[in-house]
Structures are given as structure tokens and as C-alpha cells.
Amino acid sequence: MIHIRRFADVAHRQDVRTAIDSIFFDNAATHHFADADSRRHYHDLWLQRYLRHFPESSLVAMNEDGPGEIVGYLAGSLVSDRPPLPGPDYYRLFPDYFIDKFPAHIHVNVRKDSHNKGIGRMLIDAFRLHCRDRRAPGFHAVTRSNRCPAHFFTRCGMDIQSRVLWHESQIVFIAEEIIIP
Ligand SMILES: CC(C)(COP(=O)(O)OP(=O)(O)OC[C@H]1O[C@@H](n2cnc3c(N)ncnc32)[C@H](O)[C@@H]1OP(=O)(O)O)[C@@H](O)C(=O)NCCC(=O)NCCS
């Protein structure tokens with residue numbers, strides 16, 4: 001059975017981090033790096049700094065039938081584009097209302113052999129509850145439109161807000177408002 005846990009709560013955090021890194025690099029849009037520094041920067045920009053600064057907002061999907069293997073993660077934060085999370089530089093392309101309305105930010109990754117089993121949806125559902133608990137008014141994701149996950153996010157209840165050109169690629173801004181009771 002798959003369980004979603006906060007990264008802040010997992011035991012053996014270094015082993016979990018290694019499993020998350022492996023999913024990250026396996027699914028990454030880029031596989032070639034000029035040098036070790038650029039690889040480190042890429043890893044930090046898209047993953048590591050979320051785990052470091054916001055372990056309570058980052059989630060892992062664990063298959064607890066076996067020894068507790070990691071099959072996916074969501075790197076998240078309730079704030080965007082301010083210290084300790086400045087950038088990436090597509091923030092200037094967001095619609096004016098975007099960050100105020102949907103301040104929380106997510107990156108989702110599921111291990112390749114576990115795609116299409118509902119794990120990505122479980123991670124989004126858990127993050128939605130986390131936002132509701134913390135009274136965050138909304139969350140957003142950014143994805144390239146030449147990869148398919150925009151459809152994944154809309155199937156999970158999010159809406160496409162805009163499409164823009166960023167470094168010669170089309171990217172999509174997708175978001176969801178949180179209904180706070
Ligand atoms: C995108 C990703 C997170 C989806 O996770 P998943 O666990 O395979 O997705 P789920 O099984 O929870 O699917 C939920 C819904 O999204 C749809 N979906 C999932 N991946 C999809 C894709 N690549 N293209 C189109 N639709 C997709 C599913 O068919 C399902 O639809 P349904 O409601 O009609 O049943 C996973 O494929 C992945 O990690 N991809 C590589 C990394 C990535 O692109 N991350 C997103 C950018 S931050």
C-alpha cells in the first residue's frame with residue numbers, strides 16, 4: 001500500500017534523500033551537465049532547496065508493502081520567489097495576480113516504473129490538504145507543454161492559467177485555489 005508522508009517525518013532521511021535524487025535525475029528534462037557545479041545548481045534549484053528549507057511541505061510516497069521504498073515525491077513550499085526560494089527566472093512571466101492568489105509551489109515526480117498508478121494524484125491531494133491546514137489560498141505548478149504533465153495536473157483538479165515562451169520553450173502555468181472552510 002502507498003502512504004504519503006511529510007519529508008520532515010521520515011526516518012532514515014539520508015536514504016530517502018538518495019532515493020528521491022535517483023527519481024529526480026531519472027525523470028529530469030536535462031541529462032547532460034557542463035560540469036559538477038551546473039549539475040549541483042540544477043539539483044538545488046528544482047529539488048534540494050525545498051527539502052532543505054521546507055521539509056514539512058515536501059512529501060514522499062512510500063510503498064509500505066515492502067521495506068518502505070520511495071516511489072515518488074512532491075517538493076513543495078507555501079511561498080514562492082522570495083528568500084530562501086528566489087527564482088527560477090520564469091516568475092517575471094506570471095500573470096499579475098498569480099503569486100498572490102496561488103502562492104504555494106510544487107514539483108511532482110513519480111518513479112518511472114510506478115507511473116499511472118494514482119501516486120501523483122495522491123501527492124497532489126495530500127499537498128492540497130496541507131495548504132488548507134496552513135490556510136494557504138492556492139498552489140501552482142509550472143511545466144513544459146512539450147511534455148505531457150499539464151494534462152496530469154488538470155486531471156488532478158488544477159486549471160491552466162497561461163502559456164508563455166521561456167528560454168525558447170513553451171511553458172504552462174497551472175494552479176488551484178484552496179477552499180478554506
Ligand atoms: C506527471 C507524473 C507526476 C504523473 O504521476 P502518476 O502517478 O503517473 O499520475 P496518476 O497515475 O496519479 O494520474 C492521474 C491522472 O493524470 C493522468 N496522467 C498522468 N500522467 C500523465 C501524462 N504524462 N500525460 C497525460 N496524462 C497523465 C492519468 O491518466 C490520470 O488521469 P485520470 O484521472 O483520467 O485517471 C509522472 O508521470 C512523472 O513523474 N512524470 C515525470 C516528471 C514530471 O513531468 N513531473 C511534473 C512536472 S513538475
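This tour goes from the ligand to the nonpolar cores and then to two buried residues.

**Before you start.** The model is predicted: local features need pLDDT of at least 70, side-chain atom pairs count only at pLDDT 80 or more, and totals for chains, interfaces and linings use all residues. Residues are numbered from 1 along each chain as its sequence is written, and side-chain values use heavy atoms, with hydrogens and water left out.

**Stop 1: the ligand.** Select the ligand and the residues near it (one heavy atom within 4 Å). There are 18 around it. The closest are Val 108, Val 110, Asn 116, Gly 120 and Arg 121. By class, this shell has six nonpolar, eight polar and four charged residues. Here Ala, Val, Leu, Ile, Met, Phe, Trp, Tyr, Cys and Pro count as nonpolar, Asp, Glu, Lys and Arg as charged, and the others, Gly among them, as polar.

Now color strand S4 (104-110), helix H4 (119-133) and helix H5 (149-155). Each supplies at least two residues of the shell. Helices (H or I, at least four residues) and strands (E, at least two) are DSSP runs, numbered from the N terminus.

**Stop 2: three atom pairs.** Show His 151; an N or O atom in its side chain is 2.9 Å from a nitrogen atom of the ligand. Next show Arg 155, where a side-chain N or O atom lies 3.0 Å from a ligand oxygen. At Ile 119, a polar backbone atom is 3.5 Å from an oxygen atom of the ligand.

**Stop 3: the largest core.** A nonpolar core is a set of buried Ala, Val, Leu, Ile, Met, Phe, Trp, Tyr and Cys residues joined through side-chain atoms within 4.5 Å. Buried means under 20% relative accessible area (1.4 Å probe, protein chains only). The largest core has 33 residues. Select Val 16, Ile 20, Val 60, Tyr 73, Tyr 90 and Phe 173, which have the most contacts inside it. Helix H2 (36-53) is one of the contributing elements. H2 gives the most, with six residues.

Zoom in on Ile 20. Which residues does Ile 20 contact, leaving aside neighbours within four places in sequence? They are Phe 7, Leu 47, Leu 51, Val 60, Ile 70 and Tyr 73. Contact means heavy atoms within 4.5 Å.

Another core, of 23 residues, lies apart; Val 108, Ile 119, Phe 127 and Met 158 are among them.

**Stop 4: two buried residues.** Pick Gly 72 in strand S3. Its relative accessible area is 0%, so Gly 72 is buried. Its C-alpha atom is 7.2 Å from that of Ile 20, 52 residues apart along the chain.

Finish at Ser 114, in the loop between S4 and H4. Ser 114 counts as buried because its relative accessibility is 6%.

Definitions and conventions:
A polar contact is a pair of N or O atoms within 3.5 Å; within protein, one must be able to donate a hydrogen and the other to accept it, and residues adjacent in sequence count only if both atoms are side-chain atoms. Buried means under 20% relative accessible area, exposed over 50%, partly exposed in between (1.4 Å probe, protein chains only).
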